[in-house]
Amino acid sequence: MSERIHLSSPDVTQLEEDALVRALRSGWVAPLGPEVDAFEAELAAYTGRSFAVALSSGSAALHLGLLQLGAGPDTVVLTSTMTFAATANAVTYTGATPVFVDSDESGNLDPQLLRDALADQVRRGAKIAAIVPVDLIGKVADHAAIRDLARRYDVPVFVDAAESLGARRDGKPAGQDGIAAVVSFNGNKIMTTSGGGALLCDDPDMAARTRYLATQARQPVVHYEHVDVGYNYRMSNLLAAVGRAQLQRLPAMLERRRGWRRRYLELFAGVPGVTPFGGEDGRDAPAGGDHDNFWLTSVLVAPDVAGFSAEDLRAHLAAADIEARPLWKPMHLQPVFAGCPSYTNGASERFFRTGLSLPSGSVLTDEQFDRITGAICDFVKVSA
Ligand SMILES: *Cc1c(COP(=O)(O)O)cnc(C)c1O
C-alpha cells in the first residue's frame with residue numbers, strides 16, 4: 001500500500017527542531033518570552049505592519065480584533081460566505097451577527113454585492129461593526145475596492161488573511177490592508193507553529209490592548225486586578241521559536257507550492273471542462289507578482305463538459321490514497337448560521353458544488369507529485 005498523500009501537511013525540518021530545542025533549553029517555557037518578541041518583530045517586518053501580536057490561534061486574533069472594533073450584541077459584521085467557519089465563529093463569540101456576502105469569480109468577496117449589502121443593512125438600521133473580507137485560499141481580495149466602500153459607510157475593515165500569508169497584491173504584502181489583519185499558523189496553513197496566529201496592525205494602542213486582553217486583562221499592579229474580561233490567548237515561547245524558523249523558510253516553501261501550481265495548470269490545460277479556481281496565477285507571473293501564495297491549488301469541474309464531476313475525481317484520488325477536498329461549504333448554507341442574513345449570487349454555491357482542492361503542500365516530494373499527476377491522468381483518460 002502506498003503512503004497516503006495529504007492536502008497540505010506541515011513542512012518542518014532540522015531548523016524547526018533546533019529552534020524548538022533552543023527555546024526549551026533557554027528556560028522560557030511559557031507563553032511570552034524572547035522568541036515571541038523576536039517572532040512578532042519579524043512577522044511585522046515581513047507583512048509591512050508596525051505591530052504583530054502572536055496569539056494561540058487565528059481565531060483568537062479574530063476574536064480580539066472584533067471586540068476592539070466594537071463587535072457585540074446588537075451589531076452586525078459583514079463577511080465572506082465563502083470561508084472557513086472560524087471567521088464566522090469569531091463574530092458570534094462577540095455576540096454580533098455575521099452577515100454573509102457572496103463571491104466574485106475569484107472566490108473573494110464581490111465588491112458589487114458588498115455595496116448592496118452595506119446599503120441594505122444601513123437601510124434596515126443595522127449597526128455595522130466591521131467588514132471582514134477573507135483572502136480565500138491564498139488569494140488576496142480586492143482590498144482597494146473594499147476600502148472605498150468601507151470609507152463611504154465609515155466602517156472599519158478587518159482582514160482575515162489566515163490563508164494568504166506570503167501573497168502580494170499591487171505590491172502590498174497580504175495582511176497589510178485594513179485597520180488590522182489576522183494570520184494563522186495552524187498545522188495545514190502555509191506555515192505553521194503547530195497551532196497559532198497573529199493580529200497585525202499599525203496602531204500602538206491596538207497592539208497593546210490586544211496583548212492586554214490576551215493575557216487575562218491584568219492591570220499593571222502587583223496584586224491581580226481586573227477591570228475587563230480577559231482571555232488566555234498568547235502564543236507559547238516554544239511555538240514562537242518554531243514560527244521564526246518557518247518564517248525564515250517561507251519564501252522557499254512558497255516557491256515549492258508555486259511549482260505545483262504550474263504543473264497542475266499544465267496538466268489541466270489539456271482537459272476540457274476543468275479550469276483553475278481563481279484564475280491562472282502562477283503560470284508565468286514573476287516571483288511576488290501574483291495575488292496568490294499558492295497555499296492550495298483548486299480546480300472547478302464542469303461535469304457536462306468534462307464527463308466527470310469534482311466528486312468523481314475526488315473519489316478516484318481517495319481510492320489511490322490521495323487526499324483532495326471540496327472548497328469551503330458557504331457559511332449561508334451551514335446549519336449553525338441558518339438564521340443569519342446573507343446576500344448571495346450563486347457563485348459560492350457553484351464553487352462548492354464544482355470545486356476541488358488538490359494536494360499542494362511544500363512538503364510533497366517530486367515522486368509524490370508524480371503519483372498525483374499520474375492518478376489524475378489515468379482518471380481523465382478513462383473518464384473523458
Ligand atoms: C485557518 C483559518 C482561520 C482560523 O485560524 P486558526 O489558527 O485555525 O484558528 C480563520 N480564517 C480562515 C479563513 C482560515 O482558513
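1. Terms first. Helices here are DSSP runs of H or I with at least four residues, strands are DSSP runs of E with at least two, and both are numbered from the N terminus. Lys329 sits outside such runs, in the loop between α10 (310-319) and β12 (342-343). The model is predicted. Please read every distance and area below with that in mind.

2. Lys329 itself. Is this residue buried, partly exposed or exposed? Its relative accessible area is 32%, so Lys329 counts as partly exposed, the class between under 20% and over 50%. Measured against sequence, its separation from Gly230 is 99 residues. In space, the C-alpha atoms of Lys329 and Gly230 are 32 Å apart.

3. Ligand shell. Which residues come nearest to the ligand? There are 16 residues around it, and Gly58, Ser59, Asp160, Glu163 and Lys189 come nearest. Sorted by class, the shell has eight polar, five nonpolar and three charged residues.

4. Polar contacts to the ligand. Three pairs deserve a look, each with an oxygen atom on the ligand side. A polar backbone atom of Gly58 is 2.7 Å from a ligand oxygen. For Lys189 the partner is a polar side-chain atom, at 3.1 Å. Gly196 uses a polar backbone atom, at 3.4 Å. How much of the ligand is covered? On its own the ligand has 370 Å² of accessible area, and the protein covers 94% of that. Two elements give two or more residues to the shell: α3 (58-68) and α4 (85-93). Helix α3 gives the most, with three residues.

5. Nonpolar core. The largest nonpolar core has 52 residues. Phe39, Leu43, Leu78, Leu114, Ile131, Phe185 and Met191 have the most contacts inside it. Helix α8 (residues 237-269) gives the most to this core, with five residues. Where does the core lie relative to the domains? It lies between domain 1 (14-246) and domain 2 (250-383), because both give residues to it.

6. The loop between α3 and β2. Asp74 and Thr75 make a useful pair. Asp74 lies in this loop, and Thr75 is placed in the loop between α3 and β2 (76-80) too. Thr75 has 4% relative accessibility and therefore counts as buried; the cut-off is under 20%. Asp74 has 73% and therefore counts as exposed, with a cut-off of over 50%. The side chain of Thr75 has a polar atom 2.7 Å from the backbone oxygen of Gly72.

7. Positive phi. Most residues other than glycine have a negative phi. Asp74 is not a glycine, yet its phi is positive, about 75 degrees. Asp154 also has a positive phi, near 55 degrees. Asp154 is found in the loop between α6 (143-153) and β5 (158-160). Its relative accessibility is 70%, so Asp154 counts as exposed. Please check both residues in a backbone plot.

8. Ser103. This residue lies in the loop between β3 (97-101) and α5 (111-123). Is Ser103 buried or exposed? With a relative accessible area of 2%, Ser103 is buried. A polar atom of its side chain lies 2.9 Å from the backbone oxygen of Gly107.

9. Arg123. Its place is in helix α5. The relative accessible area of Arg123 is 63%, so this residue is exposed. What does its side chain contact? The side chain of Asp120 is the partner in a polar contact at 3.0 Å.

10. Gly197. This glycine is found in strand β9 (residues 197-201). Its relative accessibility is 0%, so Gly197 counts as buried. How far apart are Gly197 and Phe277 in sequence and in space? They are 80 residues apart in sequence and 26 Å apart in space, C-alpha to C-alpha.

Terms used: Residues are numbered from 1 along each chain as its sequence is written. Side-chain values use heavy atoms; hydrogens and water are left out. A residue is near a molecule or strand if one of its heavy atoms lies within 4 Å of it. A polar contact is a pair of N or O atoms within 3.5 Å; within protein, one must be able to donate a hydrogen and the other to accept it, and residues adjacent in sequence count only if both atoms are side-chain atoms. Accessible areas come from the Shrake-Rupley method with a 1.4 Å probe; for residues, only the protein chains shown count as cover. Ala, Val, Leu, Ile, Met, Phe, Trp, Tyr, Cys and Pro count as nonpolar, Asp, Glu, Lys and Arg as charged, and the others, Gly among them, as polar. A nonpolar core is a set of buried Ala, Val, Leu, Ile, Met, Phe, Trp, Tyr and Cys residues joined through side-chain atoms within 4.5 Å. Buried means under 20% relative accessible area, exposed over 50%, partly exposed in between (1.4 Å probe, protein chains only). Domain bounds come from an automatic or database domain assignment.
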